[in-house]
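This report covers the surroundings of a bound ligand, then the domains and a few local features of the chain.

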Amino acid sequence: MASGQGGAPTAAAGSGGAGPDEPDPADSINHMLILDLVYIWVGVIGAIAIHRLVLLYVAHTRKMACLGNEKQRYFAMPESKYAAFKRYVLDSPIFRKRHNREFMLSSAVNVGTLPTRLQTIFIIIYYGINIAFTVILLPYGTKSFLDDLRDRAGNLATLNMIPLLLMAGRNNILIWALDISFDTYNLLHRWLGRLVVLEAATHAIAWSVATVEESGWAALWKAASHSQLILTGTISVCAFGFLMLHSPSLVRHAYYETFLHAHILVALTAVIVLWMHLDEFPGAQNLLLAALVVWGFERFMRVQNLVRNNIGAGGTLADIQALPGDAMRVTLRLARPWKFKPGQHVFLYIPTIGWWTNHPFSLAWSSEQQDVFTEKGLPLNRQDVLSIRKTSMSLIIRRRTGFTDKLWAKAEKSLNGKFSIRAFVEGPYGSQDLSSYGTVLLFAAGVGITHQVPFLRSLVADYSNSTGAVRRVTLVWIIQSPEHLEWIRPWMTDILGMEGRRDVLRILLFITRPRSTKEIQSLSASVQMFPGKPDVNAILAQQQQQQVGAMAVTVCGTGSLSDDVRRAVRLRCQTTTIDFIENAFSW
Ligand SMILES: Cc1cc2nc3c(=O)[nH]c(=O)nc-3n(C[C@H](O)[C@H](O)[C@H](O)COP(=O)(O)OP(=O)(O)OC[C@H]3O[C@@H](n4cnc5c(N)ncnc54)[C@H](O)[C@@H]3O)c2cc1C
């Protein structure tokens, strides 16, 4: 996949018939198109960054203006053009409603989701640009057409490996800079991968056709078996093809770890062999080097993060406690904690259970733990207390069929359903700030509550300390059985006891599979329980009638709940200011 790459290792670069000292016109065009594509990347990133900066500025000024403002009427009124943009482009599913609800062949076989409208538009335009750049300014009808097409496609494939590898990693600076979630980059990673395979295949086909036309089929087989250039090219195209074929959603979800390990191993093979293939093409090799630096940086950041969080100070311990409803509470006593913020998630490694594998979980709670007595029972002085004060952070993990199942089985077999184990925590990743919204409506289904609990605490604190715009917070939590309340009971007790909570927080619990009607008992006027599923549209309509300031509607749960909430928000976001924030537990 390189510029000026002939059918044999010694082939001369380019094909435009330039003299020995003159730059090859075909190479110059390739160079120009590569630069153009890079300018397009920079332009897109710049435009999204400006959009993000404007949103940050709006949120900041809104928060400041609303600190002592009970009505916040100005901020409840939507800006009509931006609201229409959100409804029809930014928050829109590709068609009417479906985005995050998976297509299921059976209850266990997940064949994927649909991209949003904006994601689809982006992918179509990017493919269009790449197709145009592959076919424009080629010497159609001349002998060198196939050689130039081969070089062009090879160059574009190598160039696209830079964003391909950037978007594969969680330490991608664009996640932070553009506030675009890892799920979206993961989707783009898959589409970029398909594009790289298409361009690499075009490169290989152009070379094959030219070789067969010039010297017959025998020359093709001979080159494939005798030339390192062709052999390495063939292996890397096959490896990229394999990466595409083994990556459908069905495989990824059914055999995640097998998929991930095979994917990384084959990708590494493809890249090493491609490096050898590009030995004589330093320009293209530099593009690949840039892609490798991006990948290496991401891996380095993971290791650096693991060392920082877990090494020294006695390491990190995880206290695991089995809970009713196939769940566990995991309390992480971190060697070096960080500043806890709502919306963060971490990757948990427990080598004795899952070797080097790691799994993402939302941080549900943080608390300061301090044991103010020494082992002999003597009270410690203030300085000692400060030095041993440790922040612990907690997760709620729902049992699935792999790592989480092994962890749950161990907890269940342990005395009182509890055990402690050495763990490593990588993170935190992500965080969200809802403090500039006057009204916040949070939807959660099942274990999706872990994402929402920290917001309840910080929003109620903002209200009582007058440090945010928030005046109304409503949590809608859908669970199968009341026993799932146990997952967050201690934290909810803390939140319900916070100052000002009664004025600002309302909780609506929906129990989808109650064993009897006796189980459905509202705890108070502000904590109510209902049987069945909520009418998302009706809840949003009611919130809108009483809306104070701008409203944030966030959802974390099943794909179908997310799609219902998205639809309800889109139907109403032109009447008052409503922002939709979706959090998914899969990619
Ligand atoms: C940002 C984020 C936050 C999450 N927060 C929570 C949480 O707070 N509580 C909770 O119970 N679950 C959470 N999850 C889901 C959790 O990561 C998976 O349920 C868990 O990794 C399943 O592990 P398993 O080996 O038992 O899965 P399996 O039974 O093998 O697979 C179950 C599902 O989990 C997916 N999965 C498996 N391993 C991973 C992995 N390493 N990375 C991503 N997906 C994987 C599979 O694709 C499959 O769809 C979160 C997921 C994400 C992406």
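The shell around the ligand takes at least three residues from domain 1 (25-66 + 114-304) and at least three from domain 2 (313-429); domain bounds come from an automatic or database domain assignment. This is a predicted model, in which local features need pLDDT of at least 70 and side-chain atom pairs count only at pLDDT 80 or more, while totals for chains, interfaces and linings use all residues. Residues are numbered from 1 along each chain as its sequence is written, and side-chain values use heavy atoms, with hydrogens and water left out.

There are 23 residues around the ligand, and His359, Pro360, Arg398, Thr401 and Thr404 come nearest. A residue is near a molecule if one of its heavy atoms lies within 4 Å of it. By class, the shell holds nine nonpolar, 10 polar and four charged residues. Here Ala, Val, Leu, Ile, Met, Phe, Trp, Tyr, Cys and Pro count as nonpolar, Asp, Glu, Lys and Arg as charged, and the others, Gly among them, as polar.

At least two shell residues come from each of α10 (249-254), α11 (256-277), β4 (359-362), β6 (390-398) and α15 (403-413). Strand β4 gives the most, with four residues. Helices (H or I, at least four residues) and strands (E, at least two) are DSSP runs, numbered from the N terminus.

The table lists polar contacts of the ligand, a polar contact being a pair of N or O atoms within 3.5 Å.

| Ligand atom | Protein partner | Distance |
|---|---|---|
| oxygen | histidine 359, side-chain N or O | 2.8 Å |
| nitrogen | isoleucine 396, polar backbone atom | 2.9 Å |
| oxygen | phenylalanine 403, polar backbone atom | 2.9 Å |

Taken alone, the ligand exposes 880 Å², and the protein buries 91% of that. Accessible areas come from the Shrake-Rupley method with a 1.4 Å probe.

The domain assignment also gives a domain 3 (439-583). The centres of domain 1 and domain 3, taken over C-alpha atoms, are 41 Å apart. Their contact (heavy atoms within 4.5 Å) takes four residues from domain 1 and six residues from domain 3.

Two backbone features remain. The peptide bond from glycine 427 to proline 428 is cis, with omega near 0°; proline 428 lies in strand β7 (residues 418-429). Tryptophan 355, in the loop between α13 (351-354) and β4, has a positive phi of about 50° although it is not a glycine.

Average pLDDT (the predictor's confidence in each residue, from 0 to 100) is 93 for the chain, and 93% of the residues score at least 70. Over residues 2-16, pLDDT stays under 50. Where pLDDT is low, the predicted coordinates should not be read in detail.

Methods:
Polar contact = N/O pair within 3.5 Å; in protein donor to acceptor, adjacent residues only side chain to side chain.
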